[in-house]
Amino acid sequence: MSRPGLLAAALALAAPAAVAQQIVGDAIPASLTGQPGDAARGRAIVANRGVGLCLLCHSGPIAEERFQGDLAPSLAGAGSRWSEGQLRLRIVDGARLNADTIMPPYYRTGGLQRVARNFQDKTILSAAQVEDVVAYLATLKD
Amino acid sequence: MTALRLGIGLAIIFAASYALAQGAADKRRSGTQDMSDALQKMQEDDAANPGMLFVQLGGQLWGKATGAAGKSCADCHGDGTSMKGVAVRYPAIPKDADAPVDLEGRINLCRTANQQADSFPPESRELLALAAYVAHQSRGLPIAPPDDPRLVAFRARGQDLWKARQGQLNLSCAICHDDNAGRKLAGVAIPEAHPTGYPIYRLEWQTLGSLKRRLRNCLAGIRAETYADGAPEYVMLDLFLMDRARGMMLESPGVRP
């Protein structure tokens with residue numbers, strides 16, 4: 001296997017617990033899977049109240065979803081405010097930037113209390129889903 | 001004449017305004033005030049409020065002798081008006097006990113100890129109906145938790161639970177109901193979570209439900225483990241919430257979407 005191939009394979013196996021090693025400044029520059037995400041799939045995840053849950057708190061440029069939240073800033077323009085790496089860390093575990101954030105940690109299993117049995121030791125999104133969401137948010141440039 | 005008109009005008013304003021009834025500086029809002037006009041009317045109109053059917057059923061059960069003791073609630077307590085002012089001071093510590101019970105717990109104690117019958121299962125029709133019947137006797141009275149010093153520690157534990165982050169979404173009750181009340185969670189206005197209307201008739205449930213059922217919904221929403229049936233945590237949260245709603249008006253049976 002080539003060196004980049006090895007690296008990708010290692011990253012693809014990166015468990016939520018290993019994320020800390022990938023943080024550089026306020027970002028996770030490398031894809032969690034070693035692959036780029038798919039923006040169309042990412043949009044569907046963000047729009048889905050039972051999967052991404054994003055629109056419970058955020059609003060965003062997803063006109064067909066009538067009920068959007070106002071607990072958090074609009075997602076519109078997120079791709080001009082932040083790099084992909086910055087977006088990735090905010091979704092993986094925003095508490096690393098703001099300990100008081102109410103945004104759920106989408107790719108973390110540690111430090112959580114009384115998690116319901118069917119969600120125990122599972123992340124809210126998979127690594128591939130996080131990448132899809134990052135790819136979608138990166139397209140949101142006002 | 002002018003004074004009379006002013007008097008009538010004021011009476012209407014006072015009747016219509018919870019904030020004024022509680023004192024002008026009190027900004028607390030019952031969940032009722034966040035509902036559509038149509039639902040508020042449904043709650044206020046006894047002929048339209050579906051919770052009143054449970055109150056009626058509760059009234060029938062009140063008078064029915066049962067259990068090995070062959071006694072009805074009425075045999076010990078007289079008619080339902082003797083229950084006026086009871087629901088506004090629960091949860092409370094029963095005589096000869098050292099831990100608080102909620103209103104449903106108290107009803108089940110009477111079932112087992114005084115009627116010598118089986119306790120009603122949680123969320124059963126009979127238990128909810130009797131709780132609604134008893135709570136309805138206090139409709140319009142201010143919530144008035146007892147000053148029993150033994151309750152302080154239980155209430156404080158309820159407050160800790162309220163503030164603790166939990167579940168896969170890592171949220172606390174306080175994050176939504178203290179810090180973000182009035183904001184929109186998707187399409188829904190987050191209420192302040194005052195237990196003013198319980199048990200409530202929830203249209204989504206198509207039936208009456210207890211405060212515990214509501215708390216289980218919120219816990220499930222943040223993907224947290226729900227507390228077991230009969231767990232003391234529900235009573236502790238109830239104690240904390242009733243204290244937080246002290247002075248607000250009891251509205252049971254409430255209606256919710």
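**Two domains and two chains: a conversation**

Student: How much area is buried between domain 1 of chain B and domain 2 of chain B?

Tutor: In this predicted model, about 2,100 Å² is buried between the two domains, and carbon and sulfur atoms give 68% of that area. On the side of domain 1, Leu208(B), Val235(B) and Pro253(B) lose the most area to domain 2 of chain B, and together they make up 22% of what that side buries.

Student: Where do the domains of chain B run?

Tutor: Domain 1 takes in residues 31-48 together with 142-256, while domain 2 covers 51-136. The contact draws 28 residues from domain 1 of chain B and 25 residues from domain 2 of chain B.

Student: How far apart are their C-alpha centres?

Tutor: The C-alpha centres of domain 1 and domain 2 of chain B are separated by 21 Å.

Student: And how many salt bridges are there across that domain interface?

Tutor: The rule finds two salt bridges across the interface of domain 1 and domain 2 of chain B. Elsewhere in the description of chain B, one may also note that the side chains of Lys212(B) and Glu104(B) meet in a salt bridge, with 2.9 Å from N to O.

Student: Let us turn to empty space. How many cavities of 30 Å³ or more does the rule count?

Tutor: The count comes to one cavity of 30 Å³ or more. The volume of the largest cavity is about 260 Å³. Of the 20 residues in its lining, those closest to the centre are Leu103(B), Glu104(B), Tyr198(B), Leu211(B) and Asp238(B).

Student: Which elements give two or more residues to the lining of the largest cavity?

Tutor: They are H6, helix H7 (125-136), H10 and H11 of chain B. Domain 1 and domain 2 of chain B each contribute at least three residues to the lining of this cavity.

Student: What classes of residue form that lining?

Tutor: The lining of the largest cavity divides into 14 nonpolar, two polar and four charged residues.

Student: What about pockets? How much space lies in the second largest pocket?

Tutor: The second largest pocket holds about 390 Å³ of space. It has 23 lining residues, and Asp102(B), Gly105(B), Lys212(B), Gly230(B) and Val235(B) are the closest to its centre.

Student: Why is this pocket said to lie between the domains?

Tutor: Both domain 1 and domain 2 of chain B give residues to the lining of the second largest pocket, so the pocket lies between them. Among its sources, helix H6 (103-114), helix H10 (211-221) and helix H11 (232-244) of chain B each supply at least two lining residues. By class, the lining of this pocket has 12 nonpolar, five polar and six charged residues.

Student: Back to the backbone. Which peptide bonds are cis?

Tutor: One cis bond runs from Tyr198(B) to Pro199(B), with omega near -5°. Another cis bond joins Ser252(B) and Pro253(B), where omega is about -5°.

Student: Where do Pro199(B) and Pro253(B) lie?

Tutor: Pro199(B) is in the loop between strand S2 (188-189) and strand S3 (200-202) of chain B. Pro253(B) is in the loop between H11 and strand S5 (254-256) of chain B.

Student: Which residue has a positive phi although it is not a glycine?

Tutor: Ala186(B) has a positive phi of about 50°. Its place is in the loop between strand S1 (184-185) and S2 of chain B. As background, most residues other than glycine have a negative phi, and most peptide bonds are trans.

Student: Now the other chain. How many residues of chain B are in contact with chain A?

Tutor: In chain B, 21 residues are in contact with 28 residues of chain A. About 2,000 Å² is buried between the two chains, with 54% given by carbon and sulfur atoms. Gln168(B), Arg223(B) and Glu225(B) supply 35% of the area that chain B buries against chain A, more than any other three residues.

Student: How many salt bridges are there across the interface of chain B and chain A?

Tutor: The rule finds one salt bridge across that interface. The side chains of Glu225(B) and Arg117(A) meet in a salt bridge, at 2.8 Å from N to O.

Student: And how many salt bridges are there over all chains?

Tutor: The search of the whole structure finds 17. One pair in chain A is Glu131(A) and Arg88(A), whose side chains meet at 2.8 Å from N to O. That pair links distant parts of the chain, 43 residues apart: Glu131(A) is in helix H6 (residues 127-138) of chain A, and Arg88(A) is in helix H5 (residues 84-93) of chain A.

Notes:
Residues numbered from 1 in each chain as written. Chains lettered and ligands numbered in written order. Predicted model: local features only at pLDDT ≥ 70, side-chain atom pairs only at ≥ 80, totals over all residues. Heavy atoms only, no water. 1 Å grid on protein atoms, 1.4 Å probe; cavity = no way out; pocket = protein on both sides within 12 Å on 5 of 7 lines; lining within 4 Å. Points joined across faces, edges and corners; volume = space filled by probe spheres on them. Helix = DSSP H or I, 4+ residues; strand = E, 2+ residues; numbered from the N terminus. Nonpolar A, V, L, I, M, F, W, Y, C, P; charged D, E, K, R; others polar. Domains from an automatic or database assignment. Contact = heavy atoms within 4.5 Å. Buried area = accessible area lost by both parts, 1.4 Å probe. Salt bridge = Lys/Arg side-chain N within 4 Å of Asp/Glu carboxyl O.
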